[in-house]
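I am opening a fresh page for a structure that is new to me. My plan is to begin with the whole chain and then look up single places one by one.

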Amino acid sequence: MEEFDYYEILQVERSADGDTIKKAYRKMALKYHPDRNPDDKDSEEMFKKVNEAYQVLSDNEKRQIYDRYGKRGLESSGFSSGGMEDIFDVFNSFFGGGFGGFGGGRKQGKQSKYAKDLAQELELSFHEAVFGCKKEIEISYKVACKDCRGSGAKEGKTTTCKACGGSGRETFSQGFMTFAQTCSKCQGSGEEISEKCPSCQGKGYAYEKEKFEVNIPEGVDSGNQIRISKRGNIAEDGTRGDLYLEVDVKEDEHFIRHHNDVYLEVPVFFTLVMLGGVIKIPSLTKELDLKIPVGVKDKQQFVFHGEGIKSVNGSKRGNFIAVIKIIYPEKLDENQQKLLEELHNSFGYESSKPISAFEGLMDKIKKWFK
């Protein structure tokens with residue numbers, strides 16, 4: 001049993017919440033997915049570890065056992081990490097599609113070496129996501145080997161797997177528990193290759209590249225999927241799957257997005273707190289007049305309804321929220337110091353004397369220690 005830390009694999013803190021774990025899994029699973037790293041054994045191993053980590057950390061019961069007793073605690077409790085078939089079940093259920101690799105999917109008659117659907121990450125800038133754009137996409141997709149018709153066997157000749165009897169599953173016992181996992185001999189296909197196809201070296205497919213332009217709709221956000229029909233892998237029968245673009249939006253230097261709402265931190269000089277006034281601030285499409293009331297508070301929010309991001313599923317827009325940040329001068333020159341002292345004294349306060357709000361407070365504190 002190889003020892004590795006699930007939190008380290010997903011690059012999250014042990015206190016990470018469910019949303020953080022999901023976001024980390026999405027990023028890591030797409031990064032190490034076999035379709036993006038063909039014939040890369042290190043990536044294949046990382047993909048297994050990432051999915052195993054997510055299986056545990058996304059389940060409250062398993063996570064509690066793991067946090068207290070580690071992987072051995074999970075095994076003694078009857079939980080198994082499973083084989084590659086189970087790993088792709090996790091990936092497919094998370095992304096909602098049949099993204100393939102390693103013969104993923106349960107055995108149902110003749111099993112393909114790969115699934116037809118394809119997943120790829122699409123990175124967008126804040127501006128591209130908010131306003132929509134056109135992006136050139138380059139993909140590597142699979143096509144069935146013509147010589148072996150996708151079987152991976154020379155002249156397409158295969159035999160029933162002796163290890164699993166053609167079921168694609170093998171079982172093993174641990175104590176009084178019996179577990180099933182993908183057959184390690186045939187990788188779940190139920191068939192053995194006597195002699196590898198010389199054209200594809202037994203893989204059953206080859207890679208081809210393609211470039212095309214995609215219209216990105218206005219308002220997409222991280223975690224959204226864009227389905228591109230018939231841009232996935234090509235099966236043995238010539239049918240083609242779909243491409244799923246998993247959107248990842250970069251953060252902006254100034255604007256902060258929360259769903260379709262946009263936040264902007266607005267610096268306000270401390271004198272304006274007492275004076276009040278109107279200042280112009282930038283929004284997504286235009287300048288807005290922000291009225292600063294006398295006595296405005298730090299972190300106070302002002303909402304501009306309908307000035308946020310357009311919903312990707314409709315015409316409704318979110319809000320634009322200005323968040324006040326009161327700014328104080330780092331240094332004062334002699335004249336500024338004198339003017340501030342005069343202002344302070346003009347309210348009837350002396351520099352060395354506490355204001356009335358603190359009168360009696362020291363006496364109260366002294367009583368605490370009696």
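**Entry 1: the whole chain.** I note at the start that this is a predicted model, and I began by looking up its secondary structure, which comes to 9 helices and 15 strands in the protein chain. I then looked up burial and found that 39% of the 370 residues count as buried. The accessible surface is about 22,500 Å², and carbon and sulfur atoms account for 48% of that surface. For contacts between residues at least 6 apart in sequence, I read that 62% join residues at least 24 apart.

**Entry 2: helix H3.** I asked myself how the span of helix H3 compares with what its 17 residues should give at 1.5 Å a residue. The helix covers residues 41-57 and should span 24 Å, and since its end C-alpha atoms are 24 Å apart, the two values agree. I also looked up how covered the helix is, and wrote down that H3 is mostly covered, with 13 of its 17 residues buried.

**Entry 3: the annotated cysteines.** I turned to the UniProt record, an unreviewed entry, where the annotation "binding site" covers Cys 161, Cys 164, Cys 183 and Cys 186. These residues span 26 residues in sequence, yet no two of their C-alpha atoms are more than 9.2 Å apart, so they gather at one spot.

I looked up Cys 161 in more detail and found it in the loop between strand E3 (158-160) and strand E4 (169-174). Its relative accessibility is 1%, so Cys 161 counts as buried. Beyond its neighbours within four places in sequence, Cys 161 is in contact with several residues, including Cys 183, Cys 186 and Glu 191.

Cys 186 lies in another stretch, the loop between strand E5 (177-182) and strand E6 (191-193). With 8% relative accessibility, Cys 186 counts as buried too. With its neighbours within four places in sequence left aside, Cys 186 is in contact with Cys 161, Cys 164, Gly 168 and Glu 191.

**Entry 4: disulfides.** How many disulfides does the structure hold? I found 0. Cys 164 is in no disulfide, and the nearest cysteine sulfur, that of Cys 161, is 3.7 Å away; because a disulfide requires sulfur atoms within 2.5 Å, this pair does not count. I noted that Cys 164 is buried, with a relative accessible area of 11%. Cys 197 is likewise in no disulfide, its nearest cysteine sulfur being that of Cys 145 at 3.8 Å, and at 2% relative accessibility Cys 197 counts as buried.

**Entry 5: Glu 210.** I looked up whether Glu 210 is buried or exposed. Its relative accessible area is 18%, so Glu 210 is buried, and its place is in strand E7, which runs over residues 205-216. I then looked for a partner of its side chain and found a polar contact with the side chain of Arg 231, at 2.5 Å. Leaving aside neighbours within four places in sequence, I listed the contacts of Glu 210 as Ile 137, Glu 138, Ile 139, Tyr 141, Arg 231 and Arg 240.

**Entry 6: Lys 310.** This lysine sits in the loop between strand E14 (301-304) and strand E15 (320-327). Lys 310 is partly exposed, with a relative accessible area of 28%. I wrote down that Lys 310 and Phe 131 are 179 residues apart along the chain, while their C-alpha atoms are separated by 8.5 Å. Outside its neighbours within four places in sequence, Lys 310 is in contact with residues among them Glu 218, Gly 219 and Asn 260.

**Entry 7: two positive phi angles.** I kept in mind that most residues other than glycine have a negative phi. Arg 149 has a positive phi of about 55° although it is not a glycine. I placed Arg 149 in the loop between strand E2 (133-144) and E3, and at 53% relative accessibility it counts as exposed. Lys 230, which is not a glycine either, has a positive phi of about 55°. Lys 230 is found in the loop between strand E8 (225-228) and strand E9 (243-249), and its relative accessibility of 55% makes it count as exposed.

Conventions. Residues numbered from 1 in each chain as written. Predicted model: local features only at pLDDT ≥ 70, side-chain atom pairs only at ≥ 80, totals over all residues. Heavy atoms only, no water. Helix = DSSP H or I, 4+ residues; strand = E, 2+ residues; numbered from the N terminus. Buried < 20%, exposed > 50% of the residue type's maximum accessible area, 1.4 Å probe, protein only. Contact = heavy atoms within 4.5 Å. Areas by Shrake-Rupley, 256 points an atom, 1.4 Å probe, with all protein chains shown as cover. Polar contact = N/O pair within 3.5 Å; in protein donor to acceptor, adjacent residues only side chain to side chain. Expected span 1.5 Å × (residues − 1). UniProt positions renumbered as here; feature names shortened; annotations may be inferred.
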